[in-house]
Amino acid sequence: MTTLEDAKVTPVVLGGVRGGPSVPTLRRDRWWIQPVVTVTVLAAFVGYATWAAFINKDYYVGAAMHRNLISPFYSPCLTASCVPGSHPGTVISWWTISPALLILIFPLGFRLTCYYYRKAYYRSFWWAPPACAVSDAHGSYRGESKFPLIFQNIHRYFFYAGLVFNTLLTIDAIEAFRQPGYGIGFSVGTAVLLINASLLWLYSLSCHSCRHLCGGGVKQFSRSPIRHRIWKTLTPLNAHHMVFAWMSLVFVAFTDVYVRLVASGTIHDYGFHF
Ligand code: FES
């Protein structure tokens, strides 16, 4: 008869330990799928965005095609290097390389410091820890109170910048109704720009900083009925922040791909005009 003393003992801990995967986890589910998917999608996005930012062409569909579509990676196009028609007038004359390199600092900074993305990439890339009840790959934990992670605290300011960009991309979507030479019309490109702007608004309005800005610090909601109402509206959105984060990330890349394919003549932007 096998006694408890004879049995092979496997050291496990419920909460995981620091310092690497030397102690196996009790989890028997496929906990690794989520980190693998996160790494794959984020790496693909960063790779594509870097390529799209440096290529510096095919980001605007203009009057020659009776369209007014601009990629979100290149909007607002305010440098001397912008293609004609893609901007209201050159503002930054000394910037002569790709305008996207100047623009993307803000949306990427917003996403990089996002509370949800922090959780996603801390777990997936740094394994700190890779999942609940799985060993942390690092021996110590300093949180975000020291350099360089203390800079994550500027998220609120990127949120403000994000609102400006959302407004500009909404104007781009409205401008996409204008079809030079035809008048007012609607095309697949118009729909793509509208959906992109809507998803970016949902991502921003569901942001934790936004919710705190609207309802945080209020000691008595009854004395701040307007802020209470806004907070109550934003709270359900906030519960779905992760979903909006992924949807808007994928769709902003899709929007750039779509505009790029139309601008390069690879596909036709089907639509109609009045
Ligand atoms: S928490 Fe994700 S955008 Fe602010």
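## Helices H5 and H6

In this predicted model, the axes of H5 and H6 cross at roughly 160° and come within 9 Å. An angle over 145° counts as roughly antiparallel, and H5 and H6 are therefore roughly antiparallel to each other. The crossing in which H5 passes H6 is left-handed.

On the H5 side, the contact is made by Phe159, Gly162, Leu163, Asn166, Leu169, Thr170, Asp172 and Ala173. H6 contributes Leu193, Leu194, Asn196, Ala197, Leu200, Trp201 and Ser204. Sorted by class, the contact of H5 with H6 has nine nonpolar residues, five polar residues and one charged residue.

## Helix H7 and its buried side

Which residues of helix H7 are buried? In H7, which spans residues 208–215, they are Ser209, Cys210 and Cys214. These residues cover an arc of only 130° around the axis, so they sit on the same side of H7. An α-helix has 3.6 residues a turn, so residues three or four places apart point the same way.

The cover over the buried residues of H7 includes three helices: H5 (155–175), H6 (188–205) and H8 (225–239). After H7 comes Gly217, with a positive phi near 75°.

## Helices H7 and H8

Two packed helices are described by the angle between their axes and the distance between the axes. For H7 and H8 the angle is about 160° and the axes are 8 Å apart. That angle makes H7 roughly antiparallel to H8. H7 passes H8 in a left-handed crossing.

Which residues of H7 meet H8? They are His208, Cys210, Arg211, Cys214 and Gly215. Their partners in H8 are Arg227, His228, Ile230, Trp231, Leu234, Thr235 and Asn238. By class, the contact of H7 with H8 has five nonpolar, five polar and two charged residues. Cys210 and Cys214 of H7 thus appear in two lists: they are buried, and they are among the residues that meet H8.

## Helices H1 and H4

The axes of H1 and H4 come within 9 Å, and their crossing angle is roughly 110°. H1 is therefore roughly perpendicular to H4; the range for that term is 65 to 115 degrees.

In H1, the residues in this contact are Pro35, Thr38, Val39 and Leu42. They meet Ala120, Tyr121, Arg123 and Ser124 in H4. The contact of H1 with H4 has five nonpolar residues, two polar residues and one charged residue.

## The loop between H4 and H5

Several backbone features fall in the loop between H4 (115–124) and H5, the place of Pro129. The peptide bond from Ala128 to Pro129 is cis, with omega near -15°. Pro148 lies in the loop between H4 and H5 as well, and a cis peptide bond with omega of about 5° joins Phe147 to Pro148.

Trp127 is also found in this loop. Although Trp127 is not a glycine, its phi is positive, about 55°. Is Trp127 buried, exposed or partly exposed? Trp127 counts as partly exposed because it has 17 C-beta neighbours inside 10 Å.

Phe151 has its place in the loop between H4 and H5 too. It has 12 C-beta neighbours inside 10 Å and so counts as exposed; the cut-off for exposed is 12 or fewer. Phe151 and Thr113 are 38 residues apart in sequence, while their C-alpha atoms are 8.3 Å apart in space.

## Asp58 and Met247

Asp58 is found in the loop between helix H1 (33–55) and strand E1 (60–61). It is a residue other than glycine with a positive phi, near 55°. With 19 other C-beta atoms within 10 Å, Asp58 is partly exposed. The cut-off for buried is 20 or more, which is why a residue with 19 is not placed in that class.

Met247 is located in helix H9, residues 241–263. Having 16 other C-beta atoms within 10 Å, Met247 is partly exposed. Met247 and Ser135 are 112 residues apart along the chain, and their C-alpha atoms are separated by 30 Å.

Notes
Residues numbered from 1 in each chain as written. Predicted model: local features only at pLDDT ≥ 70, side-chain atom pairs only at ≥ 80, totals over all residues. Helix = DSSP H or I, 4+ residues; strand = E, 2+ residues; numbered from the N terminus. Arc of directions from axis to C-beta. Contact = placed C-beta atoms within 7 Å. Axes fitted to C-alpha atoms, helices over the stretch in contact; angles between N-to-C directions. Parallel < 35°, antiparallel > 145°, perpendicular 65-115°, else oblique. Left-handed = near helix turned anticlockwise from the far one by under 90°. Nonpolar A, V, L, I, M, F, W, Y, C, P; charged D, E, K, R; others polar.
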